[in-house]
Amino acid sequence: MKDAVEVVVNDRMQQGYRYRRTAPMGGCFDPGFEPELTPAEMLNLGIFCGKYMTDCTAEFPASWFRRAKLAPERPDCSLNYFGIRASVSLRVWIEKGWIHPDDPRGWFQWYCRYYSGRRMPDEDRRQIARWRAFRRHAAQIRKHCEPGDPFCRPKQRQALLQWAYDSRDI
């Protein structure tokens with residue numbers, strides 16, 4: 001990318017947070033990181049009960065939110081693709097030490113910023129390793145479900161969508 005773009009974030013969880021986008025949008029990913037879904041595709045399918053990104057849309061391209069399934073007030077898990085809650089609370093993420101201070105919302109916030117061009121080598125390695133480890137859930141679906149049966153293990157399928165794995169065709 002010729003010129004890095006500085007982003008200033010002002011939302012409910014971060015005020016005055018700054019970062020630079022140094023890679024092209026959707027490109028120059030680590031060779032070990034091949035997500036099957038873009039952030040826009042994930043939002044359009046329905047993830048995190050529609051409450052993940054409602055106060056920080058200004059940080060990312062408007063196109064990501066044109067068809068996003070977002071809940072205006074309270075989480076609505078019927079908006080999730082598989083219609084089921086498949087995540088634990090942010091409090092659990094904090095207690096487990098999974099939250100990096102630059103991304104107080106967790107993995108998906110990191111992915112959106114990574115996809116947008118932000119690079120933080122140590123944190124990128126950590127998050128990519130976590131993403132690769134999550135792949136085990138796809139193996140469990142393949143092992144225990146008939147191909148294409150969306151009613152088999154819907155919680156695991158929803159969780160996979162929330163980690164950029166396309167579980168609809170497993």
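## What surrounds helix α3

In this predicted model, the buried residues of α3 are covered by a set of elements that includes β1 (5-10), β2 (15-21), α1 (39-45), α2 (90-96) and α4 (121-134). Helix α3 itself takes in residues 107-116, and 10 of its 10 residues are buried, so the rest of the structure largely encloses it. If you want to pick them out, they are Trp107, Phe108, Gln109, Trp110, Tyr111, Cys112, Arg113, Tyr114, Tyr115 and Ser116.

Just after the helix comes Gly117, with a positive phi near 120°.

## The nonpolar core

The largest nonpolar core holds 44 residues, and the ones touching the most other members are Met53, Trp107, Phe108 and Tyr111. At least two residues of this core come from each of β1, β2, α1, α3, α4, α5 and α6. Helix α3 makes the biggest contribution to this core, with 7 residues.

Phe108 is a good place to start looking around. Leaving aside residues up to four places away in sequence, Phe108 touches Pro39, Met42, Leu43, Ile47, Phe48, Tyr52 and Met53.

## The two strands that cover α3

Now for β1 and β2, both among the elements covering α3. These strands run antiparallel and are joined by 6 bridges. To find your bearings in the pair, look for Val7, which sits opposite Tyr19 in β2. The connection from β1 to β2 is a hairpin of 4 residues.

## Helix α4 and its two faces

Helix α4 has 14 residues, which at 1.5 Å a residue should span 20 Å; the C-alpha atoms at its ends are indeed 20 Å apart, so the two values agree.

Its buried residues are Glu123, Asp124, Gln127, Ile128, Arg130, Trp131 and Phe134. They take up an arc of only 160° around the axis, so they lie on the same side of α4. It helps to remember that an α-helix has 3.6 residues a turn, so residues three or four places apart point the same way. Covering the buried residues of α4 are, among others, α2, α3, α5 (136-144) and α6 (154-161). On the face turned away from the buried side you'll find the exposed residues Pro121, Asp122 and Arg125.

## Cysteines that pair up

How many disulfides does a search of the whole structure find? The search turns up 2. One of them joins Cys49 to Cys77, with an S to S distance of 1.9 Å. Both of these cysteines sit in the loop between α1 and α2, so the pair ties together parts that are 28 residues apart in sequence. The link of Cys49 and Cys77 is right-handed, with 80° about the S-S bond. Cys49 and Cys77 are both buried.

The other disulfide is formed by Cys145 and Cys152, with sulfur atoms 1.9 Å apart. This link of Cys145 and Cys152 is left-handed, with -75° about the S-S bond. Cys145 counts as buried at 10% relative accessibility, and Cys152 counts as buried at 15%. Counting bonded cysteines along the chain, the disulfides follow the pattern 1-2, 3-4.

## Cysteines that stay single

Cys56 is in no disulfide, and the nearest cysteine sulfur, that of Cys112, is 7.7 Å away. Why does Cys112 have no bond to Cys56? The sulfur of Cys112 is 7.7 Å from the one in Cys56, its closest cysteine sulfur, and that is too far for a bond. For comparison, a disulfide requires sulfur atoms within 2.5 Å.

Both residues are tucked away from the surface by the accessibility numbers: Cys56 is buried with a relative accessible area of 5%, and Cys112 is buried with 0%.

## Two positive phi angles outside glycine

Most residues other than glycine have a negative phi. Cys28 goes against that pattern, with a positive phi near 55°. Look for Cys28 in the loop between β2 and α1. Is Cys28 buried or exposed? With a relative accessible area of 58%, Cys28 is exposed.

Arg153 also has a positive phi, near 60°. It lies in the loop between α5 and α6. At 31% relative accessibility, Arg153 counts as partly exposed.

Key:
Residues are numbered from 1 along each chain as its sequence is written. This is a predicted model: local features need pLDDT of at least 70, side-chain atom pairs count only at pLDDT 80 or more; totals for chains, interfaces and linings use all residues. Side-chain values use heavy atoms; hydrogens and water are left out. Buried means under 20% relative accessible area, exposed over 50%, partly exposed in between (1.4 Å probe, protein chains only). Contact means heavy atoms within 4.5 Å. Two strands pair if DSSP finds at least two bridges between them. The expected span of a helix is 1.5 Å times one less than its number of residues. The arc is that of the directions from the helix axis to the C-beta atoms. A nonpolar core is a set of buried Ala, Val, Leu, Ile, Met, Phe, Trp, Tyr and Cys residues joined through side-chain atoms within 4.5 Å.
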